[in-house]
Amino acid sequence: MAHGGGNHKKHPAMSGRAQRLVAGCGFHVAVIDAPGHGDRPVTAHDEAEIADLFRARAAGEPEGPIVVRYNDHLAQLAVPEYRATLDALQELPEIGTDGLVGFWGINMGTAIGVPFVAVEPRITAAVFGQHWPDVLAEKAKQITIPIEFDLQWDDEHISREAGLALFDAFASKEKSLHVNAGRHKELPRFEADSAVRFFARHFGRAVNSPA
């Protein structure tokens, strides 16, 4: 999995999703900190981009262009790290190379996940959502695996047209669009359960309700 912008690998959203996948389906789950997040050092470039974002937010200016630019930079650093992480995981005897692999990342997780999945043939199903198409649409056109995509209809940052454009760009024959009323940070928690069912369905697992 990949976390959202400003968060980290141990954020409640990550631990909550991991708990559902592990306890509910018996999956192995891994999350790493994105560059400049969590336990990772913050560079001068990170500080400048974050300051620019806060300036735009305070001035009531659109945040999208800054977030898109910064997330693209982070993705260029993170994609090789995610591929190396998957290499290391598959060397573990309890995981190995024979099992199916999925990816789950929303917001900045999508900014990292789309270019990662586009070049990583080991990923066979993915959950994305809530990001702009600007630099991701061309990479999404390279993705043909089943996907589930989350979109908030009243997102104050990402327009409906932008969200739909990114969903439309995926070349997957099987792709599901999950649209909910609400603002950017109001993605319903039941979408996490839907994502678990999505992975269970594609990986041939039953979903058990955690105790």
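Q: Which element gives the largest share of the lining of the largest cavity?
A: In this predicted model, that's strand β3 (residues 147–152), which supplies 4 residues of the lining. The full lining is Q130, H131, F149, D150, L151, Q152, D155, I158, S159 and G163.

Q: What makes this space a cavity?
A: A cavity is a set of points where a 1.4 Å probe fits but cannot get out. The count comes to 1 cavity of 30 Å³ or more, and the volume of the largest cavity is about 40 Å³.

Q: How do the residues of that lining divide into nonpolar, polar and charged?
A: There are 3 nonpolar, 5 polar and 2 charged residues. Gly counts as polar here, so G163 of the lining goes with the polar ones.

Q: Why is Q130 called buried?
A: Buried means under 20% relative accessible area. Q130 has 5% relative accessibility, so it counts as buried. You'll find Q130 in the loop between β2 (123–129) and α5 (137–140), and its phi is positive, about 55°, although it is not a glycine.

Q: Why does N107 count as partly exposed?
A: Partly exposed lies between the 20% and 50% cut-offs. N107 comes out at 22% relative accessibility, so partly exposed it is. N107 sits in the loop between β1 (101–104) and α4 (108–119), with a positive phi near 60°.

Q: How do you know that β3 pairs with β4?
A: Pairing takes at least two bridges, and 6 bridges join β3 to β4 (residues 175–180), so the two strands pair; they run parallel. F149 in the cavity lining stands opposite L177 in β4. From β3 the chain passes through helix α6 (residues 160–169) to β4, a right-handed β-α-β crossover.

Key. Residues are numbered from 1 along each chain as its sequence is written. This is a predicted model: local features need pLDDT of at least 70, side-chain atom pairs count only at pLDDT 80 or more; totals for chains, interfaces and linings use all residues. Side-chain values use heavy atoms; hydrogens and water are left out. On a 1 Å grid over the protein atoms alone, a cavity is a set of points where a 1.4 Å probe fits but cannot get out, and a pocket is an open set with protein on both sides within 12 Å along at least five of seven lines; lining residues have an atom within 4 Å of a point. Grid points are joined across faces, edges and corners, and a volume is the space filled by probe spheres set on the points. A crossover is right-handed if, with the strands pointing away from the viewer, the path from the first strand over the helix to the second runs clockwise. Buried means under 20% relative accessible area, exposed over 50%, partly exposed in between (1.4 Å probe, protein chains only).
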